[in-house]
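Colleague: I am new to this structure and should be grateful for a close look at one part of it. Please take the packing of the helices and the aromatic side chains that accompany it.

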Amino acid sequence: LLTQRAYSLRRVTSTLNISESGTAGFLDRGGLLATTNTPVVLQDDIITRPGARKALAILRILVGFYFLRAFTDKMFGLGFSTPSERSVLHGGQPAQGFIKAVIQGQPLESFFSLFVNPVGDWLFLLGLLGLGLALILGMGVKVAGVAGPLLMALMWLAELPPIHSGEASNPLIEDHWFLAPIFVVVMLTRAGDTWGLGQIGRAHV
């Protein structure tokens with residue numbers, strides 16, 4: 001009986017194994033290792049030059065502060081693009097004010113009118129805050145890699161530069177087009193690993 005229990009304990013404790021290649025696997029009923037074929041990919045595996053990894057980290061952090069500053073400015077009215085009297089703390093409506101100013105006469109006016117409410121304001125603010133923190137901390141860059149370009153696309157469509165060509169120096173290409181790919185690059189290159197919490201975040205996902 002003791003021998004059977006010891007054998008069962010060995011089978012349980014050895015269920016999870018790591019193969020020599022670094023892939024995690026589980027022992028099947030026959031005791032054979034069945035790998036999951038999902039090796040952990042680090043930034044070092046994608047970007048081999050240390051200088052390039054640091055450059056991506058600097059880019060990530062700078063863009064993160066760009067979005068965090070936008071959030072704090074609209075929330076507290078720091079006076080950059082939002083005066084104090086128009087801050088959220090003083091009853092300002094950042095999303096509603098932006099949408100009302102740009103959607104008149106647009107083909108997508110009815111769609112963006114759905115966000116002209118307090119829910120739209122808070123979704124916009126939380127989006128800016130979340131994107132800023134994700135880039136600065138290097139954690140959650142996969143989510144930011146999808147949410148960031150989506151927000152940039154919506155903001156570009158809301159302004160729809162071809163219609164407002166008289167107000168833009170370039171009717172097609174502007175800052176939203178440059179910011180959107182940065183989120184994708186940060187996600188695909190695992191840029192949160194350098195000077196960030198990317199590896200810690202993946203360990204708990």
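Modeller: A residue counts as buried under 20% relative accessible area, as exposed over 50%, and as partly exposed in between. With a relative accessibility of 42%, Trp177 is therefore partly exposed. The model discussed here is a predicted one.

Trp177 has a ring partner in Trp156, whose relative accessibility of 16% places it among the buried residues. Before turning to that pair, it is helpful to begin with the aromatic pairs in general. The model contains five aromatic pairs. One of them joins Phe67 and Phe183: the ring centres lie 5.4 Å apart and the planes stand at 65°, so the arrangement is edge-to-face. Because Phe67 belongs to helix 3 and Phe183 to helix 8, this pair ties together parts that are 116 residues apart in sequence. Phe67 is buried, its relative accessible area being 2%, and Phe183 is likewise buried, at 1%. The pair of Trp156 and Trp177 is also edge-to-face, because the planes of the two rings stand at 90°, with the centres 5.5 Å apart. Trp156 is located in helix 7, which covers residues 141–159, and Trp177 in helix 8, so that distant parts of the chain, 21 residues apart, are linked. Ring pairs also join Tyr66 to Phe67 and Phe183 in a cluster.

Phe67 leads on to the packing of helix 3, since it is one of the residues through which that helix meets helix 6. In general, the packing of two helices is described by the angle between their axes and the distance between those axes. For helix 3 (residues 50–76) and helix 6 (residues 118–137), the angle is about 150° and the axes are 7 Å apart. Angles over 145 degrees count as roughly antiparallel, and helix 3 is therefore roughly antiparallel to helix 6. Their crossing is left-handed. On the side of helix 3, the residues in contact include Arg60, Ile61, Val63, Gly64, Phe65, Leu68, Phe71 and Lys74; on the side of helix 6, they include Trp122, Phe124, Leu125, Leu128, Leu131, Gly132 and Ile136. By character, the residues of this contact comprise 18 nonpolar, two polar and two charged.

Helix 6 also packs against helix 7, the helix that holds Trp156. The axes of helix 6 and helix 7 come within 10 Å and cross at roughly 135°, and helix 6 is therefore oblique to helix 7. This crossing, too, is left-handed. Helix 6 contributes Phe124, Leu128, Leu131 and Ala134, which meet Val141, Ala144, Ala147, Gly148, Leu151 and Met155 of helix 7. The contact of helix 6 with helix 7 consists of nine nonpolar residues and one polar residue, with no charged ones. Phe124, Leu128 and Leu131 appear in the contacts of helix 6 with helix 3 and with helix 7.

There remains the loop that follows helix 8, the helix that carries Phe183. Arg190 lies in this loop, between helix 8 (175–188) and helix 9 (198–203). Although Arg190 is not a glycine, its phi is positive, at about 55°. Arg190 counts as buried, because its relative accessibility is 18%. Trp195 is placed in the loop between helix 8 and helix 9 as well, and Trp195, again a residue other than glycine, has a positive phi near 55°.

Note on methods:
Residues numbered from 1 in each chain as written. Predicted model: local features only at pLDDT ≥ 70, side-chain atom pairs only at ≥ 80, totals over all residues. Heavy atoms only, no water. Axes fitted to C-alpha atoms, helices over the stretch in contact; angles between N-to-C directions. Helix = DSSP H or I, 4+ residues; strand = E, 2+ residues; numbered from the N terminus. Parallel < 35°, antiparallel > 145°, perpendicular 65-115°, else oblique. Left-handed = near helix turned anticlockwise from the far one by under 90°. Contact = heavy atoms within 4.5 Å. Nonpolar A, V, L, I, M, F, W, Y, C, P; charged D, E, K, R; others polar. Buried < 20%, exposed > 50% of the residue type's maximum accessible area, 1.4 Å probe, protein only. Phe/Tyr/Trp six-rings, centres within 6.5 Å; stacked < 30°, edge-to-face > 60°.
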